Amino acid sequence: VTTAETILSAPEKASVLAEALPYIRRFAGKVVVVKYGGNAMEDESLARIFAEDIVLMRAVGMCPVVVHGGGPQIGDLMSRLGKKPEFRRGLRVTDADTLDIARMVLVGRINRDIVSAINVHGPLAVGLSGEDAQLISAVARSPELGFVGDVDAVNAGILERLLAQDLVPVLATIGADTTGQSYNINADTVAGAVAEALGAERLVYLTNIEGLLADVRDPASRISAIAAADLEAMVTDGAVSEGMIPKLASCVHALRNGVRRAHILDGRVPHVLLLEFFTDEGVGTMVEP
Ligand SMILES: Nc1ncnc2c1ncn2[C@@H]1O[C@H](COP(=O)(O)OP(=O)(O)OP(=O)(O)O)[C@@H](O)[C@H]1O
Ligand SMILES: [Mg+2]
């Protein structure tokens with residue numbers, strides 16, 4: 001049973017709300033970039049709760065920006081079309097067909113689903129692809145990965161204008177280069193770059209695991225707090241693999257470029273965002289510069 005599911009008495013509920021006040025004050029007007037992992041969004045009720053949390057954050061004056069992934073969903077459609085997903089160091093090898101599939105799934109489906117779930121609560125979310133208004137200028141990452149892009153520049157102005165209108169940008173991580181060629185960009189990489197460009201107060205990765213684990217096979221080995229330099233060492237030592245590699249790399253980069261703090265949180269825990277932002281509960285892994 002998670003904390004969020006525990007039944008509270010009325011006085012306990014009141015004290016939880018009272019506990020939230022200093023946090024609400026601290027984060028008013030602050031930009032929080034939330035990377036919503038494809039693995040964390042597969043459960044329908046969790047997806048609804050995620051949308052509620054984002055709406056609540058916005059309602060108390062925070063400026064959330066959602067950047068979403070979609071690894072498993074892209075993999076599913078690829079399999080249905082008879083293509084075999086292939087990864088190198090956590091990045092999807094992307095030929096022209098795979099790019100098409102990734103774009104359809106990310107922009108056409110997942111982005112729409114998140115926008116709709118948020119907008120059940122009011123006219124708040126605006127979905128964007130990185131191709132919109134040159135939001136994400138991309139460059140090819142390496143020839144062996146095909147159409148996998150890296151972020152060359154972020155047009156933060158468009159996001160700032162949306163935030164100034166009290167809207168919630170929801171970003172699909174397809175970018176384009178100067179010739180109009182599209183690229184599939186790892187969502188963690190985009191989240192880090194967007195957080196940097198906005199000078200975000202917090203960068204949060206919602207994923208499908210307890211947090212950063214010292215030993216990936218042992219869920220009890222969660223690291224509750226770590227410095228950016230030590231993350232780098234974990235990558236070099238081979239303590240992390242697969243999707244955790246781009247996550248940590250983007251996190252280190254963002255913290256070295258002005259983002260104040262990052263969190264790797266378990267997106268399978270209901271209301272994990274509220275637990276992190278509005279209670280004294282220490283969840284997931286906190287990373288500081
Ligand atoms: N040391 C580690 N601690 C925690 N997770 C690790 C570690 N090493 C590797 N991993 C893997 O990284 C995975 C998380 O990254 P993954 O890319 O799969 O998910 P995501 O980024 O949340 O989703 P998406 O890629 O769809 O946006 C974990 O499920 C785990 O298997
Ligand atoms: Mg990933």
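What is the volume of the largest pocket? The largest pocket has a volume of about 870 Å³. The model in which this pocket was found is predicted.

## The largest pocket

The lining of the largest pocket is made up of 37 residues. Those that lie nearest its centre are Asn39, Gly90, Glu242, Gly243 and Met244. Five elements give two or more residues each to this lining: helix 3, strand 4 (91-92), helix 6 (187-198), strand 11 and helix 8. Helix 3 gives the most, with 3 residues.

By class, the pocket lining divides into 16 nonpolar, 16 polar and 5 charged residues.

## Ligand 1 and its shell

The largest pocket is where ligand 1 sits. The elements that give two or more residues to the shell around ligand 1 are helix 3 (71-80), strand 11 (202-207) and helix 8 (244-256). Helix 3, strand 11 and helix 8 also appear among the elements that give two or more residues to the pocket lining.

In total, 24 residues surround ligand 1. The closest are Lys35, Thr207, Asn208, Leu213 and Lys247. The shell consists of 9 nonpolar, 11 polar and 4 charged residues.

## Polar contacts and burial of the ligand

Polar backbone atoms of the protein pair with both nitrogen and oxygen atoms of ligand 1. A nitrogen atom of the ligand is 2.9 Å from a polar backbone atom of leucine 213, a residue that is also listed with the closest to ligand 1. A nitrogen atom of ligand 1 is 3.2 Å from a polar backbone atom of alanine 239. At glycine 70, the distance from a polar backbone atom to an oxygen atom of ligand 1 is 3.4 Å.

Ligand 1 exposes 640 Å² when taken alone, and the protein buries 87% of that area.

## The cavity

How many cavities of 30 Å³ or more does a search of the whole structure find? The search finds 1. About 80 Å³ of space lies in the largest cavity.

This cavity is lined by 13 residues, and Leu46, Phe50, Leu206, Gly267 and Val269 lie nearest its centre. Helix 2 (44-59) and helix 9 (272-278) each supply at least two residues of the lining. The largest share, 4 residues, comes from helix 2. The cavity lining has 10 nonpolar, 2 polar and 1 charged residues.

Technical notes:
Residues are numbered from 1 along each chain as its sequence is written. Chains are lettered from A and ligands numbered from 1 in the order in which they are written. This is a predicted model: local features need pLDDT of at least 70, side-chain atom pairs count only at pLDDT 80 or more; totals for chains, interfaces and linings use all residues. Side-chain values use heavy atoms; hydrogens and water are left out. A residue is near a molecule or strand if one of its heavy atoms lies within 4 Å of it. A polar contact is a pair of N or O atoms within 3.5 Å; within protein, one must be able to donate a hydrogen and the other to accept it, and residues adjacent in sequence count only if both atoms are side-chain atoms. Accessible areas come from the Shrake-Rupley method with a 1.4 Å probe; for residues, only the protein chains shown count as cover. On a 1 Å grid over the protein atoms alone, a cavity is a set of points where a 1.4 Å probe fits but cannot get out, and a pocket is an open set with protein on both sides within 12 Å along at least five of seven lines; lining residues have an atom within 4 Å of a point. A molecule sits in a cavity or pocket if more than half of its atoms lie within 2 Å of its grid points. Ala, Val, Leu, Ile, Met, Phe, Trp, Tyr, Cys and Pro count as nonpolar, Asp, Glu, Lys and Arg as charged, and the others, Gly among them, as polar. Grid points are joined across faces, edges and corners, and a volume is the space filled by probe spheres set on the points.
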